[in-house]
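I opened this notebook to look up the cysteines and the pocket. The entries follow the order in which I checked them.

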Amino acid sequence: SSSHGLLRSSKQRGCMGRFSSPFAVMALALLLVALSFTVSLASEASSSPKCEATLTKVADIPTEGNSGFESWYEDSGDLRLIAASLWDMVSPDMSSGSWIYNVTSAPKGGLNVVPLQRLASKGATQAHMIAPPMGMSGRSMLLINNHMQCGGREEAKKSMTPCGPTSIYVQNGPLWEEYKSIKTLGPLKAEHMVIGKGVLWMVVTENFSDEVSIWNFNSEKYEWTKQGSLAVSGVSDAVLSIVDQSLFVTTCSKQHPNGGRSSSCPVFALLESAFHQIQNLPSTGAVDLDAFEFEGEHFLFVANERSDKDHRVDSHIHKFLKGATMWTLNQTIPTEGARAGHFFVKGGDLWLGIANFGDMLKGKVESESNLWKYNKGTKQFDKMVEVDSFGATGWHGFELGGHYYVALANQGHLTAKKYQTSYVYRLDEKCEGGAGKGEL
């Protein structure tokens, strides 16, 4: 999963999680807040104007096992970009540093990317920005999920030492300082949503405890309180969606409870004051989800990483059809070790970035990662452009200076200590009839 920018954000059948009574009230009032080298590939859409997209590399960023990017805008209008670092490839305890970068416009659509601050991290799998709800005051929070902060699975579960792997940072001047931490077990991802009248809720994927924990933010005490959890064996991600004023938590698992990669994505719905599982989406080693609403339609991308024998498997796009109460498969896309999907809107169109890690069964991280655009006529996504990638873990899009950019996180080959550079590209598009969307 992935957040969509500051001030814009994001077991078995019959199991349920019990929650405190505020859920029952909110269920009735849920609201959704809403060097240059160029590679191009023509769209194959038949019912829309044919367009050609180009990616022009504008920045190389040295990173340490990059797990993914996040970005936000400062009050000054400056843009910040952070790379969550999994490992520096030297420290025995998975220590590293997640760098925050200051990003400014350069001539001819270029970018200046300058390191600003290093946040100590340990096996970081995600950086996630949470802004105050629209129309409300408050400080932004930057979360770092340190998957290995408390050691491995068994060590973390047995530890009696207080340990909070989900670190929360708040801003102090231009820099960020750790304010608090949340006690989680092997956290991988976090996703938040504004529910009801400006109330922040968050789900955290806790892989070591096989659960998705659900948290509520108390703005008076400025702290997160755990409200309950959903049991999901081998959980790897979770996202929140509101459809027709109903709240859904879609989760995914990268392995079957009995072993093997024939996994599933359990979907839970809030019914009265409890979450009930209503659906189980088939998957193949699913490791990431991204949910997005665009022009009244709800989309879900499931990144399937691998089967028991191969990393070349299809990933899935699901939609909530009008009047339906569950996800329906809309499209399958060939992927190679897909690690993440990222929906974004550019020029009034819905785009999807897919990061392919490669085939680690063969020790290969060299692959291609690509961008797709939604064709409103065919109701399918068309591949628009792709670039070489090296253990790619995610795309992240942002606007700056009248241009649209996408950052590609490369984790590289950690044991071989190769490919420790991530890239930022300017995304331009030119359509039939001379219509241009973002080209110089």
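Entry 1, a cysteine and its burial. I looked up Cys150 and found that, at 13% relative accessibility, Cys150 counts as buried. Buried means under 20% relative accessible area, exposed over 50% and partly exposed in between, with a 1.4 Å probe and protein chains only.

Entry 2, the source. I noted that this is a predicted model, in which local features need pLDDT of at least 70, side-chain atom pairs count only at pLDDT 80 or more, and totals for chains, interfaces and linings use all residues. Residues are numbered from 1 along each chain as its sequence is written, and side-chain values use heavy atoms, with hydrogens and water left out.

Entry 3, the partner of Cys150. I found a disulfide (a pair of cysteine sulfur atoms within 2.5 Å) between Cys150 and Cys163, with 1.8 Å from S to S. Cys150 lies in the loop between strand 9 (141-146) and helix 2 (153-158), and Cys163 in the loop between helix 2 and strand 10 (166-172), 13 residues apart. Helices (H or I, at least four residues) and strands (E, at least two) are DSSP runs, numbered from the N terminus. The torsion about the S-S bond of Cys150 and Cys163 is about -95 degrees, so this disulfide is left-handed. Cys163 is buried, with a relative accessible area of 15%.

Entry 4, the other bond. How many disulfides does the structure hold? I counted two. Cys51 and Cys431 form a disulfide with their sulfur atoms 2.1 Å apart. Cys51 is in strand 3 (residues 51-62) and Cys431 in strand 30 (residues 421-431), 380 residues apart. Here the S-S torsion is about 100 degrees, so the disulfide of Cys51 and Cys431 is right-handed. Both Cys51 and Cys431 are buried. With the bonded cysteines numbered in sequence order, I wrote the pairing as 1-4, 2-3.

Entry 5, no bond. Why is Cys252 not bonded to Cys265? The sulfur of Cys252 is 4.7 Å from the closest cysteine sulfur, in Cys265, which is too far for a bond. Cys252 is buried at 0% relative accessibility, and Cys265 is buried with a relative accessible area of 0%.

Entry 6, the lining of the largest pocket. I sorted its residues into 11 nonpolar, 19 polar and eight charged. Ala, Val, Leu, Ile, Met, Phe, Trp, Tyr, Cys and Pro count as nonpolar, Asp, Glu, Lys and Arg as charged, and the others, Gly among them, as polar. A pocket is an open set of points on a 1 Å grid over the protein atoms alone, where a 1.4 Å probe fits, with protein on both sides within 12 Å along at least five of seven lines; lining residues have an atom within 4 Å of a point.
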